[in-house]
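Student: I've got a model to go through with you. Can we start with how an interface is sized up, then work outwards?
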2 protein chains.
Amino acid sequence: MKTTKKYGKKIDLALSLWVKLSRAFTVVQQKAAEDIRKSGLTVPQFAVIECLGHLGELSIGELTKKQLVTGGNMTLVLDNLEKEGLIKRRRLQENRKIIKVSLTEKGKQKFLKTFLPHAKFISMLLSVLNETEQKTLANLLKKLGKTIQNKNI
Amino acid sequence: MKTTKKYGKKIDLALSLWVKLSRAFTVVQQKAAEDIRKSGLTVPQFAVIECLGHLGELSIGELTKKQLVTGGNMTLVLDNLEKEGLIKRRRLQENRKIIKVSLTEKGKQKFLKTFLPHAKFISMLLSVLNETEQKTLANLLKKLGKTIQNKNI
DNA sequence: TTTAAATTGTTTAAATTTAAACTAAATATA
DNA sequence: TATATTTAGTTTAAATTTAAACAATTTAAA
């Protein structure tokens, strides 16, 4: 922790936290991305497969909200997954504005084959923190993420 | 916290932590990016200005390491900052492979004008956690980031 | 010394991402 | 009903980012 006050105690602490949050995320993200690419999927493709694999059929809007990406981007990711036969789109008859997305049989196989190994990789990576530390960290991050997201600034 | 074991306690905990880390980072990052764009700089441009403003003259390699971006990308960011007259490049005579980058007078003014308001914004954003929580979080994130980065996987 | 290897930074092409304009469908309002 | 607004998703153009090939310089090894 820095001991010199550059901009005042409160600001210095927040900046230091933000730097460490960025660094920790980026480091994990880059290792995770390397691991994901081995499966032949891009990171956003993997994220969609994972989301559908765990939560079942979702609308495109729900997917973009879950992953905090823009709609145009999601369209492209889904197009590519559709071309590979991993997902399918289905227009809702009750509300024809909405398109539901789900895994095909091939997509389910891909999910089953790729997710657990990647989960183990992440677990191995994060094992530099013990169980208690991981729980504490997760709780603080949850509070940070949830509160800021719900806050309209 | 999830109570159902999907992949075993250890893996579930790590996955849950990774999701929360991503979410917290992304949420803060998107708010921070919005704030930075008001200054007329892109996020990576701002990061370079900040780095040079705080650390003084750095080589291009040092900048890419600090920001965990690829070299090609840094070249473009520096080109654009140079066009705007905010930074300057200087080839080292002792080692002509190395190019040192520093802020111009205009760049220093930009740094002084933009950094503190942004720092205050970040501080306000992170104030959803109290001082103790911020310190705990920063320490855990530091441990996570440093250890994984030094670990060769 | 001279060649080979490593380091530093740039260029290029391709992939990714965003923002804004757009289409289509549903809902609200006059 | 008819028009306007909102919502859901797509298209497009531009910006960003990466990875790989490249050039220049330095260092190491034969």
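Tutor: Sure. Buried area is the accessible area, taken with a 1.4 Å probe, that two parts lose on being put together, summed over both. Keep in mind that this is a predicted model.

Student: OK, so how much area do chain B and chain A bury between them?

Tutor: About 6,400 Å² goes under between chain B and chain A, and 76% of that is on carbon and sulfur atoms.

Student: And how many residues does each chain put into the contact?

Tutor: Chain A puts in 61 residues, and chain B puts in 61 residues.

Student: How are the two copies related?

Tutor: Chain B superposes on chain A by a rotation of 180° with 0.0 Å of shift along the axis, at an RMSD of 0.1 Å. The two copies are therefore related as by a two-fold rotation axis. The same surface is used by both copies, since 100% of the contact residues of chain B turn up again in chain A.

Student: How many salt bridges are there between chain B and chain A?

Tutor: There are 4 salt bridges between the two chains. One of them pairs A:Glu131 with B:Lys9, with the closest N and O atoms 3.6 Å apart. On top of that question, 8 residue pairs are in polar contact across the interface of chain B and chain A, counting pairs with both residues at pLDDT 80 or more.

Student: Which helices of chain B supply the side that touches chain A?

Tutor: Helix 1 (9-37), helix 3 (60-67), helix 5 (105-126) and helix 6 (131-150) of chain B each supply at least two residues there. Helix 1 of chain B gives the most, with 22 residues.

Student: What's the mix of nonpolar, polar and charged on that side of chain B?

Tutor: The side of chain B that touches chain A divides into 33 nonpolar, 12 polar and 16 charged residues.

Student: Switching to the DNA. Which residues are closest to DNA strand D?

Tutor: DNA strand D is surrounded by 21 residues, and the closest are A:Gly61, A:Thr75, B:Thr42, B:Arg96 and B:Lys97. Of the atoms of DNA strand D that come within 4 Å of the protein, 78% belong to sugar and phosphate.

Student: What do A:Gly61 and A:Thr75 do there, in terms of distances?

Tutor: For A:Gly61, a backbone N or O atom is 2.6 Å from a phosphate oxygen of DNA strand D. For A:Thr75, an N or O atom in the side chain is 2.8 Å from a phosphate oxygen of that strand. B:Thr70 also has a side-chain N or O atom placed 3.3 Å from a phosphate oxygen of DNA strand D.

Student: Which helices supply the surface near DNA strand D?

Tutor: Both chains are involved: helix 3 (60-67) and helix 4 (71-83) of chain A, plus helix 4 (71-83) of chain B, each give at least two residues. By class, the surface near DNA strand D has 6 nonpolar, 10 polar and 5 charged residues.

Student: Now DNA strand C. How many residues surround that one?

Tutor: There are 20 residues around DNA strand C, and the closest are A:Thr42, A:Arg96, B:Gly61, B:Thr75 and B:Ile99. Sugar and phosphate make up 78% of the atoms of DNA strand C that come within 4 Å of the protein. The surface near DNA strand C breaks down into 6 nonpolar, 10 polar and 4 charged residues.

Student: Where do the polar atoms of B:Thr75 and B:Arg89 sit relative to DNA strand C?

Tutor: A polar side-chain atom of B:Thr75 is 2.8 Å from a phosphate oxygen of DNA strand C. B:Arg89 has a polar side-chain atom 3.3 Å from a phosphate oxygen of that strand. With B:Lys97, a polar backbone atom lies 3.3 Å from a sugar or linking oxygen of DNA strand C.

Student: One last thing, the backbone. What's the phi of A:Leu68?

Tutor: A:Leu68 has a positive phi of about 50°, although it is not a glycine. A:Leu68 sits in the loop between helix 3 and helix 4 of chain A. In chain B, phi of B:Leu68 is near 50°, and B:Leu68 lies in the loop between helix 3 and helix 4 of that chain.

Note on methods: Residues are numbered from 1 along each chain as its sequence is written. Chains are lettered from A and ligands numbered from 1 in the order in which they are written. This is a predicted model: local features need pLDDT of at least 70, side-chain atom pairs count only at pLDDT 80 or more; totals for chains, interfaces and linings use all residues. Side-chain values use heavy atoms; hydrogens and water are left out. A residue is near a molecule or strand if one of its heavy atoms lies within 4 Å of it. A polar contact is a pair of N or O atoms within 3.5 Å; within protein, one must be able to donate a hydrogen and the other to accept it, and residues adjacent in sequence count only if both atoms are side-chain atoms. Helices (H or I, at least four residues) and strands (E, at least two) are DSSP runs, numbered from the N terminus. Ala, Val, Leu, Ile, Met, Phe, Trp, Tyr, Cys and Pro count as nonpolar, Asp, Glu, Lys and Arg as charged, and the others, Gly among them, as polar. Contact means heavy atoms within 4.5 Å. A salt bridge is a side-chain nitrogen of Lys or Arg within 4 Å of a carboxyl oxygen of Asp or Glu. Copies are superposed by least squares on the C-alpha atoms of residues with pLDDT of at least 70 in both.
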